Amino acid sequence: GGGGGGSDPMKESIKMAVNAVNSALASMEEANNVASSHVMSRVRPLGRQVREVTSKGVELYGQRRDYGPQIVAGSATAVGILVAARRGKIPAVIMGSMAGMGSYAGVYYGIPDFYRK
């Protein structure tokens with residue numbers, strides 16, 4: 001058995017390969033961390049905006065009865081105009097009336113109340 005002062009070329013090759021793989025993995029992990037921090041820096045403000053919009057929506061939903069006639073008339077008119085442009089006057093009157101009834105139910109009865117049993 002020899003084991004003299006020289007190092008085994010096979011062990012050196014394995015050591016170099018392990019070091020190369022470790023280096024590559026470290027680089028990939030660092031790139032992943034950078035990408036994750038970029039994503040999180042974009043997601044946090046977006047989450048804040050979603051919370052603000054949601055709270056504003058809840059606040060407006062709570063005030064819906066204050067503007068009931070305007071909401072009902074506006075939705076009926078908007079749907080009526082859109083349908084009239086595509087289908088004609090008779091379907092527009094029917095769809096506008098249905099939109100008005102739906103808006104009325106939403107304003108005065110509330111969407112959550114409709115689903116409660």
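Rings of Phe, Tyr and Trp (its six-membered ring) pair if their centres lie within 6.5 Å; planes under 30 degrees apart count as stacked, over 60 as edge-to-face and the rest as tilted. The model is predicted: local features need pLDDT of at least 70, side-chain atom pairs count only at pLDDT 80 or more, and totals for chains, interfaces and linings use all residues. Residues are numbered from 1 along each chain as its sequence is written, and side-chain values use heavy atoms, with hydrogens and water left out.

**Exercise 1. Find the aromatic pairs and describe each one.**

Solution.
Step 1. Count. The ring rule gives two aromatic pairs.
Step 2. Take Tyr 104 and Tyr 108. Their rings are tilted, at 4.7 Å centre to centre and 45 degrees between the planes.
Step 3. Place them in sequence. Tyr 104 and Tyr 108 are about one helical turn apart, because they are four residues apart in helix α3. Helices here are DSSP runs (H or I, at least four residues), as strands are (E, at least two), numbered from the N terminus.
Step 4. Take Tyr 104 and Tyr 109. This pair is edge-to-face, with 6.4 Å centre to centre and 70 degrees between the planes.
Step 5. Join the pairs. Tyr 104, Tyr 108 and Tyr 109 make one aromatic cluster.

**Exercise 2. Sort Tyr 104, Tyr 108 and Tyr 109 by exposure.**

Solution.
Step 1. Fix the classes. Buried means under 20% relative accessible area, exposed over 50%, and partly exposed in between (1.4 Å probe, protein chains only).
Step 2. Tyr 104 has 42% relative accessibility, so it counts as partly exposed.
Step 3. Tyr 108 has 27%, so it also counts as partly exposed.
Step 4. Tyr 109 has 52%, so it counts as exposed.

**Exercise 3. Trace the surroundings of Ser 75 and Ser 103.**

Solution.
Step 1. Locate both. Ser 75 is in helix α2; Ser 103 is in helix α3.
Step 2. Check the burial of Ser 103. Its relative accessibility is 15%, so Ser 103 counts as buried.
Step 3. Look for polar contacts. Such a contact is a pair of N or O atoms within 3.5 Å; within protein, one must be able to donate a hydrogen and the other to accept it, and residues adjacent in sequence count only if both atoms are side-chain atoms. The side chains of Ser 75 and Ser 103 are joined by one of 2.4 Å. A polar atom of the Ser 75 side chain also lies 3.1 Å from the backbone oxygen of Val 72.
Step 4. List the contacts (heavy atoms within 4.5 Å). Beyond neighbours within four places in sequence, Ser 75 is in contact with Ala 99, Gly 100 and Ser 103. Not counting residues up to four places away, Ser 103 touches Ile 71, Val 72 and Ser 75.

**Exercise 4. Place Ala 84 and measure its separation from Gly 96.**

Solution.
Step 1. Ala 84 belongs to helix α2 (residues 68-86).
Step 2. Ala 84 has a relative accessible area of 36%, so it is partly exposed.
Step 3. Ala 84 and Gly 96 are twelve residues apart in sequence. In space, their C-alpha atoms are 9.4 Å apart.

**Exercise 5. Summarise the whole protein chain.**

Solution.
Step 1. Count the elements. The protein chain has four helices and zero strands. Their order from the N terminus is α-α-α-α.
Step 2. Assess burial. Of its 117 residues, 12% count as buried.
Step 3. Assess contact range. Among contacts with a separation of 6 or more, 66% come from residues 24 or more positions apart.
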